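Please open the model in your viewer and keep the selection tool at hand. The stops below follow one another from one group of side chains to the next.

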Amino acid sequence: MHTKRKQKLDGWLLVDKPLNVTSAYVVNRVKYVFNACKVGHSGTLDPLATGLLPIAFGQATKTIPYIMDKTKVYHFELTFGESRTTDDAEGEVLDHSEFRPGDEQINKALQSFQGEIYQVPPIYSAVKVQGRRSYDLARQGEKPQLKERLARIDSFRMMERIDKDRAKFEVVSGKGVYMRSLARDLAVACNTVGYVSELRRLRVGPFDIANAFLLDKLVENGKKGIVSLDMLLPVQTALDDIPALAMTEEEAESLNFGKSIDLTDIRNRFALDVNSYDGIVRAMKKEHFIGLCHLNNKWLRPVRIFNI
């Protein structure tokens, strides 16, 4: 029996992850429908979360660390009055409170969740404790002690007070911020308890939910749905906000061989602050993306070269 040879694809596919499936499930489904060799994703969404899941094919997987560091936008619903083991609707009830904060109290509490804050991740998270995942320990009945970690919140605002028990929020944040922790801690700051009852991711760096494809369209009744290579975004889309630097044919060839370039030969070609983006630039040969390079005061050194 002969199986169809897998395709070597490069690029990004934006998927609108549905409810009650894992991010790994989405990746496996997408890998199947595109018959792709190498696939990964940028930023896990919990089964009870929906929204934007950027999926990388081939060479795009090299840019995943850069996407992980980008700003993200979330909407979540916070339900007051109960705390849960998982800090979301999936967990068992831990505690009750009859108190419901007013809008003024919520907005006042939000002020302490702006800028750089410290938060403790949910115990049902992938954070490692002595080499083991926290959620594995929690499922075995243990109570892992997780340390506070720095988190960057660019914006945290209440969008809508749905009723006395529920409110909807928008969060614009940096890398590694746990929405479940934010919801839990905001409820506590309002002298009550609460959990995330809905969560949706709308943006990851340059990627927007408006450009995402529904998984049901890609996979229909377990079979391949409507798929086309035109759905894939170029690899460099993930890096569009990194400054570009034009290379000659000879310079591009040197970078491809891992050689550094003396900045005295190219300094008059750019007006970039070498400290921008930690000195990282996109090396371009006309419209062709070569890779990521690091600028210092003397050399342009290749960091990630993409053979596309």
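Which residues form one aromatic cluster? Select Phe76, Phe113, Phe156 and Phe169, which together make up that cluster, and keep in mind throughout that this is a predicted model.

Within this group, turn to the rings of phenylalanine 76 and phenylalanine 156, whose centres are 6.0 Å apart and whose planes stand at 55 degrees, so the pair counts as tilted. Because phenylalanine 76 belongs to strand β4 and phenylalanine 156 to strand β10, the pair ties together parts of the chain that are 80 residues apart in sequence. Both phenylalanine 76 and phenylalanine 156 are buried. In the structure as a whole there are 7 aromatic pairs.

Next, widen the selection to the largest nonpolar core, which has 27 residues and in which Phe76, Phe156, Phe169, Met179, Leu182 and Leu186 have the most contacts. Colour β4 (72–80), α3 (103–110), β10 (149–161), β11 (166–173), α5 (179–189) and β12 (194–204), the elements that each give two or more residues to this core; α5, with 5 residues, gives the most. Then centre on leucine 182 and show its surroundings: beyond the residues up to four places away in sequence, leucine 182 touches Phe113, Ile117, Gln119, Ile153, Phe156, Val171 and Val177.

A second, separate core of 23 residues is the next selection, and Trp12, Val235, Ile242 and Ile280 are among its members.

From there, move to leucine 292, which is placed in strand β20 (residues 288–295) and counts as buried because its relative accessibility is 0%. Its contacts outside the four neighbouring places in sequence include Ile242 and Ile280, as well as Tyr66, Leu239, Pro302 and Phe306. Valine 303 is another contact of leucine 292, and although the two residues are 11 apart along the chain, their C-alpha atoms are separated by 5.5 Å.

Now select phenylalanine 289 and phenylalanine 306, both of which are buried. Their ring centres lie 5.1 Å apart with the planes at 35 degrees, so this pair, too, is tilted. Phenylalanine 289 is in strand β20 and phenylalanine 306 is in the segment after β21 (299–305), so that the pair links distant parts of the chain, 17 residues apart.

Finally, show two charged side chains against rings. Lysine 62 lies over the face of phenylalanine 306, at 5.5 Å from the ring centre, while arginine 84 lies over the face of tyrosine 195, at 4.3 Å from the ring centre.

How values were computed. Residues numbered from 1 in each chain as written. Predicted model: local features only at pLDDT ≥ 70, side-chain atom pairs only at ≥ 80, totals over all residues. Heavy atoms only, no water. Helix = DSSP H or I, 4+ residues; strand = E, 2+ residues; numbered from the N terminus. Buried < 20%, exposed > 50% of the residue type's maximum accessible area, 1.4 Å probe, protein only. Contact = heavy atoms within 4.5 Å. Core = buried A, V, L, I, M, F, W, Y, C linked by side-chain atoms within 4.5 Å. Phe/Tyr/Trp six-rings, centres within 6.5 Å; stacked < 30°, edge-to-face > 60°. Lys NZ or Arg CZ within 6 Å of the ring centre and 35° of its normal.
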